[in-house]
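This is a walk through the contact between two chains, ending with the symmetry that relates them.

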Protein chains: 2
Amino acid sequence: MIVRQAANVLEIMEFFAQVKKPATLAEIADHFGWPRSSTFNLLATLSEKGYLYEPRPRAGFYPTPRWLAMARMISEVEPLPSWTHQLISDLSAETGETASIVAPAGVMAVFIDVVESKAAIRYFATIGHRVPIHATASGRALLLQYSQEERDSVYRKIEFKQYGPSTPISIEAVETELRNSISRGYCQSFADYSRDLAGAAIPLPIGDRRLSVVVAGPEFRIGPKVPDVAALIARTVDRLRPKTTAA
Amino acid sequence: MIVRQAANVLEIMEFFAQVKKPATLAEIADHFGWPRSSTFNLLATLSEKGYLYEPRPRAGFYPTPRWLAMARMISEVEPLPSWTHQLISDLSAETGETASIVAPAGVMAVFIDVVESKAAIRYFATIGHRVPIHATASGRALLLQYSQEERDSVYRKIEFKQYGPSTPISIEAVETELRNSISRGYCQSFADYSRDLAGAAIPLPIGDRRLSVVVAGPEFRIGPKVPDVAALIARTVDRLRPKTTAA
DNA sequence: GGAAAATGTACATATATGTGAATTTATCTG
DNA sequence: CAGATAAATTCACATATATGTACATTTTCC
């Protein structure tokens with residue numbers, strides 16, 4: 001069950017992140033199609049908690065820097081090592097495509113860092129974007145780091161859907177693709193989940209965290225180059241990952 | 001009316017900002033005394049929206065960097081000029097007390113930037129902290145920038161409460177205190193709102209934004225020095241505020 | 001300056017939502 | 001490796017909550 005008012009808080013935050021200027025109660029209510037009275041309650045709640053204020057008289061509400069203060073506190077803990085951002089930054093620059101660091105979240109994979117391609121036609125992904133773990137290159141690069149039991153446990157919760165012609169729609173299909181990925185040396189996906197999207201990914205274990213790196217873009221552009229891209233990812237990881245004695 | 005589930009989202013965020021490590025459903029439910037099923041729904045909603053993930057297997061949830069990404073987008077708009085942080089930073093260093101930048105939010109005043117005192121006994125304020133606009137030095141420094149009509153409009157919404165012995169409990173009392181502040185050259189408060197707390201504040205108009213600076217601390221420590229502190233604030237503003245031809 | 005329009009606020013009520021109990025899944029223990 | 005224990009999920013129902021309606025306030029426009 002989705003908690004509507006919880007989702008609405010996030011929607012409001014995203015709304016402000018987009019419009020980047022104060023908005024009145026009426027504007028917000030109209031934008032979302034919410035009743036004024038409900039909007040009033042929600043804004044009052046956020047204000048009362050110190051997350052919204054009125055920067056200038058009669059110009060409406062805007063989030064306080066409290067969001068930022070909280071987000072900073074949260075993110076200063078086990079941040080990604082700085083070389084991982086360098087990694088996707090370099091990969092995006094060299095390939096011209098979108099590169100991301102991905103982490104597991106149940107049956108989904110979440111983008112936790114993204115450097116977007118600058119091309120007009122590109123894979124549009126944002127931090128927080130989620131994709132099915134079994135039907136994407138980045139997700140499968142996470143699954144490769146799981147034990148068989150852990151994978152089985154994930155499989156049980158997956159609802160297999162035919163997102164595209166090549167989507168694996170059974171446990172065996174996923175396991176087969178994982179085996180292929182191992183022998184191939186990298187994970188790939190050709191519109192397994194998103195239409196026209198192809199990508200290459202490899203596992204990126206950091207400490208006890210299971211992450212993956214993925215480079216993805218429009219199939220027509222990146223498709224033929226997937227093996228090269230995969231090799232580039234591997235080389236770039238080798239170059240940037242700090243050398244340690246332990247594996 | 002307070003929107004419970006909206007508030008809960010903020011509580012969860014603050015919880016993670018505090019504990020700074022992943023937490024399982026059970027831990028979160030226990031911490032807040034929420035039913036597990038409700039907690040489940042909330043966490044599912046936040047996860048689905050890309051704000052929560054599972055950094056490592058079976059170690060529970062943690063916010064994704066999406067919070068930070070959103071908060072950055074929001075805060076990169078009309079940020080405070082950098083000299084205002086320098087201002088409160090210097091003030092806190094010189095006085096040993098907590099210094100803040102404050103903005104209006106209806107009948108309340110919100111702290112939008114804070115540098116805390118390092119003393120063991122200190123004014124504990126955080127960004128987002130709210131105080132009544134009429135019963136605090138910082139709030140009255142905001143009211144001084146309002147027109148009479150605007151102030152009247154605010155007064156109509158205030159519920160006058162006797163927070164402390166010196167709290168102004170009528171419109172006249174507030175107006176009188178404002179007049180005194182003008183002739184005095186700064187705003188002050190001696191436990192008008194918070195017990196044992198004294199502070200000095202002055203208006204800080206920036207562009208068309210109405211802000212104020214306040215230095216506050218325990219009454220016994222800062223009380224006798226309030227005039228000096230006020231003078232220091234004024235001097236420091238003069239020193240740091242960029243000179244422009246226009247007023 | 002006065003009327004009209006827009007915006008913000010309060011409240012009762014129907015309904016969407018949170019929750020307790022039951023079920024399933026995972027983890028620990030001997 | 002069972003059996004026990006704890007955690008995560010599901011679901012139907014009572015209730016807390018979102019909202020339609022009415023009212024108040026503020027702003028706009030003539």
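How many residues does the contact take from chain B and from chain A? The contact, meaning heavy atoms within 4.5 Å, takes 61 residues from chain B and 61 residues from chain A. This is a predicted model, in which local features need pLDDT of at least 70, side-chain atom pairs count only at pLDDT 80 or more, and totals for chains, interfaces and linings use all residues. Residues are numbered from 1 along each chain as its sequence is written, chains are lettered from A in the order in which they are written, and side-chain values use heavy atoms, with hydrogens and water left out.

Between the two chains about 5800 Å² is buried (accessible area, 1.4 Å probe, lost on putting the two parts together and summed over both). Carbon and sulfur atoms give 62% of that area. On the side of chain B, L10(B), R56(B) and I74(B) lose the most area to chain A, together 11% of what that side buries.

Six salt bridges (a side-chain nitrogen of Lys or Arg within 4 Å of a carboxyl oxygen of Asp or Glu) are found across the interface. One of the pairs that meet this rule is R66(B) with E14(A), whose closest N and O atoms are 3.9 Å apart.

How are the copies related? Chain B superposes on chain A (least squares on the C-alpha atoms of residues with pLDDT of at least 70 in both) by a rotation of 180 degrees with 0.0 Å of shift along its axis, at an RMSD of 0.1 Å. That is the relation of a two-fold axis. In chain B, the C-alpha of A6(B) is nearest the axis, 2.5 Å from it. Of the interface residues of chain B, 100% are also interface residues in chain A, so the copies meet through the same surface.
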